[in-house]
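Trainee: Could you take a close look with me at one helix and what it packs against? I would like to follow the reasoning step by step.

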Amino acid sequence: MIAVYILLGFLGILLLILLLPAGVHVRYDREGLLVRLVLGPVRWQLLPRRRKKKEKAGKKEQAKEKSPPKAAAGHKKPPEEQKKGGSLRELLTYVPTGLELLNAIRRSLVMRKLELLVNLGGDDPCDLALLYGKAWAGLGSIIPLLERCFRIRRRNIQVFCDFTAESTEIFAQGEIVACPARLLGIAVRYGWRLFRQYEKNKKTKKAVQ
């Protein structure tokens, strides 16, 4: 009976993980680039790495430098053989399903947050006016592309002019998530279609031979 409860608990945790939104949170500011993995309310920082990890890596490098170099192997690696490609006609049979798969994945992605603040710096009002127009023109071409790729829930896009700043500064952050259960369903659906096409191509090859 205890084993049943453990199994049910494991299945419950697995179901919860599949239903939680998972994705990536990216931010760029004065501190540099920040990248985190997101799973529901939990976040794991990927970049920048923690200091402890850096210190351990530095100690390992010092130990490697102190250790005597290994003797080089007497034999040389054989020259790389020419890689042979497959049939273009066969590859094209997978393209329609592959494009549908990418489109289904794209529709399942959600950008929960998009924030882009551009602070234009300079003491010349004419130059800042030109930069202001160019900045909005660039954003006007980028935002529609993002809207085609993702469903954007919240956005905050602004351009400022600062006559006291020496250079232009940018603050940007975005968070893209998807439901793992939905991605799994897409993978199973289109994976099965690709497998069927693979078997069909295999039978065609045998018939030709």
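Mentor: Happy to. Let's start with what lies over the buried residues of helix α3: the cover includes strands β4 (110–121), β5 (151–162) and β6 (169–178), together with helix α5. Keep in mind that this is a predicted model. The residues of α3 that are buried are E90, T97, A104 and S108.

The helix itself comes next. α3 runs over residues 88–108. Its 21 residues should span 30 Å at 1.5 Å a residue, and the C-alpha atoms at its ends are indeed 30 Å apart, so the two values agree. There is a bend along the way, though: α3 turns by about 35° at V95, and the proline P96 follows within four residues.

T97 makes a good place to zoom in. This residue of α3 has a relative accessibility of 10%, and because buried means under 20%, T97 counts as buried. Leaving aside residues up to four places away in sequence, T97 touches Y190, R193 and L194. Those three residues are among the α5 positions that meet α3, which brings us to the helix pair.

The axes of α3 and α5 (residues 180–208) come within 10 Å of each other and cross at roughly 175°. Angles over 145 degrees count as roughly antiparallel, and therefore α3 is roughly antiparallel to α5. On the α3 side, the contact is made by E90, T93, Y94, T97, E100, L101, A104, I105, R107 and S108. Facing them from α5 are R182, L183, I186, Y190, R193, L194, Q197, Y198, N201 and K205. By character, the residues of this contact divide into 9 nonpolar, 5 polar and 6 charged.

Seen from the partner's side, α5 has 29 residues and reaches 41 Å from its first C-alpha to its last, close to the 42 Å expected at 1.5 Å a residue. Its buried residues are P180, I186, Y190, Q197 and N201. Of these, I186, Y190, Q197 and N201 also appear in the contact with α3. Y190 ties the picture together nicely: this residue is buried in α5 and is one of the residues that T97 touches.

One last stop, away from the helix pair: D124 lies in the loop between β4 and α4 (125–149). With a relative accessible area of 31%, D124 is partly exposed. Its C-alpha atom is separated by 7.5 Å from that of F163, a residue 39 residues apart from D124 along the chain.

Conventions: Residues numbered from 1 in each chain as written. Predicted model: local features only at pLDDT ≥ 70, side-chain atom pairs only at ≥ 80, totals over all residues. Heavy atoms only, no water. Helix = DSSP H or I, 4+ residues; strand = E, 2+ residues; numbered from the N terminus. Buried < 20%, exposed > 50% of the residue type's maximum accessible area, 1.4 Å probe, protein only. Contact = heavy atoms within 4.5 Å. Axes fitted to C-alpha atoms, helices over the stretch in contact; angles between N-to-C directions. Parallel < 35°, antiparallel > 145°, perpendicular 65-115°, else oblique. Nonpolar A, V, L, I, M, F, W, Y, C, P; charged D, E, K, R; others polar. Expected span 1.5 Å × (residues − 1). Bend = angle between axes of the 7 residues up to and from the residue.
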